[in-house]
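These are my notebook entries on one structure. I wrote them while going through the chains with the viewer open.

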Amino acid sequence: MLIAILTDIHANREALSACLAHAESIGVARYVLLGDYVGYGADPRWTIDTVIGLVERGATAILGNHDAEVLTARSRMNEVAQIAIEWTRTQLDATQRDFIGRLPLMVEQGDTLFVHANAWAPDGWGYVTGPAEARRSLEATSCRVTFCGHVHVPELYFATATGKVAGFIPVAGTPMPLSPQRRWLAVIGAVGQPRDRIPAACYGLLDDSTNSLTYVRVPYDVESAAAKVRAAGLPGILAIRLEQGY
Amino acid sequence: MPRRRPEAGQVIGGFRLEELVHEGGMAHLWRVSRAEADGPLLMKIPMLRPGEDPAAIVGFEVEQMILPRLSGVHVPRFVAAGDFDQPYIVMEHIAGPSLKARLNELPLRFDEVADIGARIATALHDIHRQHVIHLDLKPSNIMLRDSGKAVLIDFGLARHDELPDLLAEEFNGPIGTGAYISPEQLHGIRSDPRSDLFALGVLLYFFATDERPFGDPGAAREWRRRLYRDPVPPRRRRPDCPPWLQEAILRCLEVEANDRYATAGQLAFDLQHPEQIALTERATRSRRDGTLAVAARWYRARGAAAAARQSCAIQLARAPIIMAAIDLSAGMEQLAEALRVTVRRILQTEQGARLACVNVMKLSRIALDEFEDAEGRNRHLQRLAELKHWAHPLEIPTNGITYHVLESVDPAGALIDYARNNNVDHIVMAARGSSTLRRYLGSTSSEVVANAPCTVTVVRTGQGASH
């Protein structure tokens, strides 16, 4: 079975549409969404409604920090993110907020953990940006494989036989076997705001028959998404980030 | 956890163990069979004992990961692998001994050295094209098929360009075999296919002279000597060694990978056409470098780390317009990649070039207006996005590249018109394989070639190794 793992959609309708169309075209049977449905982008309502629709059809959805931020009054984010969140609050209705309020911080399925940021403190939102953090996260869970997002830059970490943790920058489109003899932590790249200098949307494709993971890149209509960000009056840097993939 | 020692007659993963053919320190090799007749098969079972060298365990995992990705005559055909209860790999059983069996016949005739070298280089080129570097090339890991084709075995230390390197972070010291390991592997670099050419150079030297160029050092700290001490020239050991062979061998053994052959394919070509080998000072060298040169290299080697990639040359004033005609339809990904490789090559020699990326949306004659509606506009935008995605790896600054989606009922005509109207100097486009039908009907590329106002490069994908 093919499982699509999507994260950091950030209210980017064009990117999510392209990813879902791609996933459907290759026969994806299950969807897992790792959070950050809103913030930064111009289509929070459509995005949340789309996620609600996916969950109604069996998808697993996790809470992200931007989603959580919509519901709380605290401000822990940088200024640009905060402006986007405050704008997003004005956009969502009660049903959409209620959906966000019921999202779990993490979900374990078999030997696999799905979480937005990390396993050691899922609601602390610490980033897995290197082998040290990857190791900390792997040590905090008994699950063999962890999938997370939050970083917006794809990387696959694995524990070595001698207990070290190493990282690998995945090659898009190449299936990588997640050998059952070791533990893995996959940071899935962002659907809606890639930051690895590749503007194309990214999602993870897990094939549980071969136990392999592919990082898929889906080119989408970046210009329209960026134009909507500008039209909504959101900070211009958010549009530039989409255009530059950073 | 100690496992039951496998025995003849036992069935693992549907394969019946017939005969133990090799009992190595790290793995046992069994001849196996199964109901479906698919030729002689070999099962590799790792001996995973607690406290064992982790290389044995990780190496098995690496081979399990890489072997299924390889195909063609130059590797054993992958059949099956098992993970949980009993790890194993089943592959084609290549008959006969490895090249190690030839060691008591050394030195070989020079023409035979070149012949074997060309076969091995051809096999290396094949796996390099499949993104794999062997990194432990030596006689015991090379076999010859009845056809004479070389087969590379044991991918336990290998590296796949596009897969995580499970070995890189595992060990502090270099990973390889003392007599054959390349200088860059001593620095922990496991990403240069020319490392395999160094090992092949060691093998050719050994087969031609009956001496290993750097001996057979046991301790890893002795391996570093090759970073500064050059080998005794083969002609010193065998004065009748032809200069071309010494040239080829010593070029493989250069400390700097940039000084070796660029590809195994080039080496194979040279060894098959000795008369065309360009001879340098290496060809007639009669003694090793003097103390001063060695001392200088020793000093450099002390602090040497990874060599920096060569930077791009200074942009030339000339600024041709290169037009890449890109077919984005499904099934054309390989051609699109080949096209990008060719375009990159052209752009490297034409430093001031501008690149126009062009795609034609073919309109049907009966629905000329279909692109005026919203769906048509979306398809147009999607094509533009895909063109940008195609060109993104070329890393061309935005002032050097443009994107164009043309709409026409006649793709070849549209491309030719575009080239003519925009002073294009050079069209680069891909062509699908030829077939009788295509020859009869004609293809877009042949029409462009026939009618374009400028140079046209037609890109095809290379043919894979044939069985």
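How many of the 5 residues of β11(B) are buried? I counted 4 of the 5 as buried, so β11(B) is largely enclosed by the rest of the structure. I note at the outset that this is a predicted model.

**Entry 1: the parallel sheet**

I looked up where β11(B) sits. It belongs to an open sheet of 5 strands in chain B, in the order β13-β12-β11-β14-β15, with parallel pairing. β13 (401-408) and β15 (455-459) of chain B are at the edges with a single partner strand each, so one side of each has no neighbour in the sheet. From one strand to the next, the twist averages 20 degrees.

I then went through the partners of β11(B). On one side, strand β11 (residues 321-325) of chain B is joined by 5 bridges to strand β12 (residues 354-362) of chain B, and the two run parallel. B:A324 is opposite B:C357 in β12(B). B:A325 has B:V358 of β12(B) as its bridge partner. β14(B) is also parallel to β11(B), and 4 bridges join the two. Here B:M323 stands opposite B:I427 in β14(B). As a reminder to myself, side chains in a regular strand alternate between the two faces of the sheet.

**Entry 2: helices beside the parallel sheet**

Which strands of the sheet does helix α15 (residues 444-451) of chain B touch? I found that α15(B) packs on the sheet through contacts with β14 (426-430) and β15 of chain B. The direction of α15(B) makes about 160 degrees with that of β15(B).

α15(B) also meets helix α13 (residues 411-421) of chain B: their axes come within 9 Å and cross at roughly 35 degrees. I logged the crossing of α13(B) past α15(B) as right-handed. From α13(B), the contact uses B:P411, B:A412, B:L415 and B:I416. From α15(B), it uses B:T444, B:E447, B:V448 and B:N451. By class, I have 5 nonpolar, 2 polar and 1 charged in this contact.

**Entry 3: a second helix pair**

I next checked helix α4 (residues 194-209) of chain B against helix α7 (residues 243-252) of chain B. They pack at an angle of about 140 degrees, with axes 7 Å apart. That angle makes α4(B) oblique to α7(B), because it is not over 145 degrees, the cut-off for roughly antiparallel. The crossing of α4(B) past α7(B) is left-handed.

The α4(B) side of the contact consists of B:L197, B:F198, B:L200, B:G201, B:L204, B:Y205 and B:A208. The α7(B) side consists of B:L245, B:I249 and B:C252. I get 9 nonpolar residues, 1 polar and no charged for the contact of α4(B) with α7(B).

**Entry 4: the antiparallel sheet**

Chain B has an open sheet of 6 strands with antiparallel pairing, and I wrote down the order as β1-β2-β3-β4-β6-β5. Its edge strands are β1 and β5 (78-82) of chain B, each paired on one side only. Within it, strand β2 (residues 15-23) and strand β3 (residues 27-33) of chain B pair in the antiparallel sense over 6 bridges. B:L20 has B:W30 in β3(B) as its bridge partner.

I also looked at B:R5, which lies in the segment before β1 (11-12) of chain B. Is B:R5 buried or exposed? B:R5 has 9 C-beta neighbours inside 10 Å, so I entered it as exposed. Its C-alpha atom is 9.2 Å from that of B:M47, 42 residues apart along the chain.

**Entry 5: the side of chain B that touches chain A**

I counted 20 residues of chain B in contact with 22 residues of chain A. On the chain B side, the elements giving two or more residues are α1 (54-66) and α12 (374-391). α12(B) gives the most, with 6 residues. By class, this side of chain B has 10 nonpolar, 3 polar and 7 charged residues.

**Entry 6: totals for chain B**

I closed with the totals. Chain B has 15 helices and 15 strands. Of its 467 residues, 35% count as buried. Taking contacts in chain B between residues at least 6 apart in sequence, I have 71% joining residues at least 24 apart.

Methods
Residues numbered from 1 in each chain as written. Chains lettered and ligands numbered in written order. Predicted model: local features only at pLDDT ≥ 70, side-chain atom pairs only at ≥ 80, totals over all residues. Pairing = 2+ DSSP bridges. Axes fitted to C-alpha atoms, helices over the stretch in contact; angles between N-to-C directions. Contact = placed C-beta atoms within 7 Å. Parallel < 35°, antiparallel > 145°, perpendicular 65-115°, else oblique. Left-handed = near helix turned anticlockwise from the far one by under 90°. Nonpolar A, V, L, I, M, F, W, Y, C, P; charged D, E, K, R; others polar. Buried ≥ 20, exposed ≤ 12 C-beta atoms within 10 Å, placed from the backbone.
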